[in-house]
Amino acid sequence: MSVATTVSRPLPALPEGWSADKDFKAVGSITASSQRTIEPVGPHFLAHARRARHKRTFSEDDRIQAQESAKKIEKDDESDESEAEDPMLLQLQAKDWKTQDHYQVLGLSKYRWKATEDQIKRAHRKKVLKHHPDKRAAVGGTEDDQFFKCIQKATEVLLDPTRRRQYDSVDEKANVEPPSKKDATKNYNKLWGRVFKSESRFSKIQPVPQFGDDNSTKEEVDNFYNFWYNFDSWRSFEYLDEDVPDDNENRSQKRHMERKNTNARSKRKAEDNARLRKLLDDASAGDERIKRFKKEANAAKNKKKNDREAAEKAAKEEARLKKEAEEKAAKEAEEKAKADRDAGKKAKEAAKTAVKKNKRVLRGSVKDANYFASGDASPAQIDAALNDVELITGKIDPDEVAALAAKLNGLTVSDEIKAVWTEESKRLVGAGKLKEGEVKSF
């Protein structure tokens, strides 16, 4: 245990020689007082007006307000959860408490699993005030307490969180029936949304995806159905178990009942899963959003397929045109090459013919010049002149042969012909193609 310790802290001493008259310095001044009118506002104004109207003092008004508040609370307590009481409920027997509708007994049928603890307590208090045996006897009724015991049992179950959860697990009256095909055509999303909102009370995972509306995205719709097709329910159905004997003498009977209850729970769980699966199948079968999404997906798939086919067709057409262009270009190139070859061949043949012709002109010019002999040319002079002609023509190209033939063409005078040949031989000597003195005839 802690103990408080008092520590004394003396105030610091004033400086020596300090006085209020000479050392005190004011940092501000107090303003002059002024008179102002203050009026109440909001709830204070209403209270002031109420007191003024009824000429009450503060204490009288507070007392009367407290009484009215108490009456209002009592009135709310009486009117809250008001529900017409079925006369058949009064025939209930306490021994049949397990099969009774606890929420109906307390008048909470419209709330059921949504009822708060405070609502249950108020409903219990209201029922007790009406059906207590002493209360009934005082108004001349019977002293039968069977329904009162049912009220007590219902309250006992619903105020115990574990037992209430067990009862809610089997409370079929809280379920919302799925819409018929005729009703679903009017407001499909809203009606099915109510069904799954009711079923969501059994989900271990909260919050639960909502059914949505026509504006829901494909992702939201897919998330909803994926969640519900993999629904994890806490329903256990142990409230419907048969009573297991508590005595220790018949253990085999006890074990038998426990196994029987376990098998019954498993069967009910499987049936509930099948029921929920059927709800989902029916809801998805008529869900126009899914049909729309499938149609859009098929349209997108077909568009993608058509685009791919169009692209493939375009690629094939492009490849065909390219191939045709290449074949055409190759054919044109081959034809051009053939034409060039033919033209080259013709040119070559023409050049060859021209060279032969020009060489004949060159040889003819020597003959016209009498082989550069003063009288009849001897065979030696003829061979020497012709050899010199062959030597020179062998050193020059066809163009030079043609140029030389052009110079000699038409000449008949021996000296002129010789002069042309002499000039050509000198040119070749100067170009280094012939050696000095290699040509003997001219």
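How far apart do the C-alpha centres of domain 1 and domain 2 lie? They lie 153 Å apart. Domain 1 covers residues 43-79 and domain 2 residues 356-431, with bounds from an automatic or database domain assignment.

The model is predicted; local features need pLDDT of at least 70 and side-chain atom pairs pLDDT 80 or more, while totals for chains, interfaces and linings use all residues. Residues are numbered from 1 along each chain as its sequence is written, and side-chain values use heavy atoms, with hydrogens and water left out.

Empty space was mapped on a 1 Å grid over the protein atoms alone: in a cavity a 1.4 Å probe fits but cannot get out, a pocket is an open set with protein on both sides within 12 Å along at least five of seven lines, and lining residues have an atom within 4 Å of a point. A volume is the space filled by probe spheres set on grid points, which are joined across faces, edges and corners.

Of the 17 residues lining the largest pocket, Tyr167, Val170, Asp171, Glu172 and Leu240 are the closest to its centre. Helix α12 (residues 251-285) gives the largest share of this lining, four residues; helices are DSSP runs (H or I, at least four residues), numbered from the N terminus.

Two cavities of 30 Å³ or more are counted. The lining of the largest cavity includes Phe196, Phe211 and Trp228, and α10 gives its largest share, three residues. Asp272 and Arg275 are among the residues lining the second largest cavity.

| Space | Volume |
|---|---|
| Largest pocket | about 300 Å³ |
| Largest cavity | about 40 Å³ |
| Second largest cavity | about 30 Å³ |

Key
Helices (H or I, at least four residues) and strands (E, at least two) are DSSP runs, numbered from the N terminus.
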